[in-house]
Amino acid sequence: RLRTYTCYKDCYHITGNSTDITRQDCFVEDGGDDGYATVGYDNGTGIGQPTRITDIGNGVNGLKTGRAFAYVGCKSGKNTGCWVNGTIPASYGRTTAQQSCPALLIFIDSSVGTYGNQDIEVDNFSAVNCGRGGSPFPQFYAAVQVGGSSAHVSSNIKIKASIRDSAGRGF
């Protein structure tokens, strides 16, 4: 079990040709950018696409800016029983009381050259107080967001989630 407190970058980041990795019962509080990032770059660097990455029972309690769980260019990813509470305590020194970005992002990011997502399954995911939108990421305003723009395509995405108290769109 890994615990991360007051981190200013991605807390748990998996990229490249990483395969068969499980993050289980980990926790992020007052994270900086993405809490749990899984990113596959297809920008000519040969870094590759993460495959069979699994998140089980991981949690996030408040982030400064980024997404709690981000799957960007991932293949055969699973997220089971994970949760996010986007309430930002005043002690974090933030001027807003709610996380501005999605609790769950499944995206293709052409600005950094990522693959599409294939075969992503999210089950029993819970998000509370997420998806406010606004600075620094006004384009992200849903608690759970799937999308992107690229020559690549995302396919076979399955999501079962509970969303409560989203200040923007739920999904």
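**Strands, salt bridges and a surface patch**

Colleague: In what sense do strand β2 and β5 pair, and over how many bridges?
Modeller: This model is predicted. Strand β2 covers residues 12-15. Its pairing with β5 is in the parallel sense, and the number of bridges is four.

Colleague: Which residue in β5 is the bridge partner of His-13?
Modeller: The strand β2 spans residues 12-15 and pairs with β5. For His-13, the bridge partner in β5 is Ala-37.

Colleague: Which strand do four bridges join to β5, covering residues 69-72?
Modeller: Here, too, the two strands run parallel. Thr-38 stands opposite Tyr-71. The strand that holds Tyr-71 is β8.

Colleague: Are the residues on the faces of strand β5 buried or exposed?
Modeller: Strand β5 covers residues 36-39. One side carries Tyr-36 and Thr-38. The other side carries Ala-37 and Val-39. Both faces are covered, and these four residues are all buried.

Colleague: Where is the place of Ser-18, and is the residue buried or exposed?
Modeller: Ser-18 sits in the loop between β2 and β3. Its relative accessible area is 18%. The cut-off for buried is under 20%, so at 18% Ser-18 counts as buried.

Colleague: What is the distance in Å from the backbone oxygen of Thr-15 to a polar atom of the side chain of Ser-18?
Modeller: Ser-18 also has contacts beyond its neighbours within four places in sequence: Gln-49, Pro-50, Thr-51 and Ile-53. Its side chain has a polar atom facing the question's partner, the backbone oxygen of Thr-15. That distance is 2.6 Å.

Colleague: How many salt bridges does the structure hold?
Modeller: One of them joins the side chains of Asp-20 and Arg-52, at 2.6 Å from N to O. This pair links distant parts of the chain, with Asp-20 in strand β3 and Arg-52 in strand β6, 32 residues apart. The number of salt bridges is three.

Colleague: Is Asp-20 buried or exposed?
Modeller: Its partner Arg-52 has 41% relative accessibility, so Arg-52 counts as partly exposed. For Asp-20, the relative accessible area is 52%. The cut-off for exposed is over 50%, so Asp-20 is exposed.

Colleague: With which residue does Arg-23 form a salt bridge?
Modeller: The closest N and O atoms are 2.7 Å apart. The pair links distant parts of the chain, from strand β3 to strand β6, 32 residues apart. Arg-23 is buried, and so is its partner. That partner is Asp-55.

Colleague: How many residues apart in sequence are the parts tied together by Arg-67 and Asp-34?
Modeller: Arg-67 forms a salt bridge with Asp-34, with the closest N and O atoms 2.7 Å apart. Arg-67 lies in the loop between β7 and β8, and Asp-34 lies in the loop between β4 and β5. So the parts tied together are apart in sequence by 33 residues.

Colleague: What is the relative accessibility of Asp-34?
Modeller: Its partner Arg-67 is buried, with a relative accessible area of 10%. Asp-34 counts as buried as well. Its relative accessibility is 6%.

Colleague: Which strand is the place of Ile-163?
Modeller: Ile-163 helps make a nonpolar surface patch of about 280 Å², along with Val-146 and Phe-171. At 33% relative accessibility, Ile-163 counts as partly exposed. Its strand covers residues 155-164 and is β14.

Notes:
Residues numbered from 1 in each chain as written. Predicted model: local features only at pLDDT ≥ 70, side-chain atom pairs only at ≥ 80, totals over all residues. Heavy atoms only, no water. Patch = residues over 30% accessible without salt bridge, like charges linked within 9 Å, V, L, I, M, F, W, Y side chains within 5 Å. Areas by Shrake-Rupley, 256 points an atom, 1.4 Å probe, with all protein chains shown as cover. Salt bridge = Lys/Arg side-chain N within 4 Å of Asp/Glu carboxyl O. Buried < 20%, exposed > 50% of the residue type's maximum accessible area, 1.4 Å probe, protein only. Pairing = 2+ DSSP bridges. Polar contact = N/O pair within 3.5 Å; in protein donor to acceptor, adjacent residues only side chain to side chain. Contact = heavy atoms within 4.5 Å.
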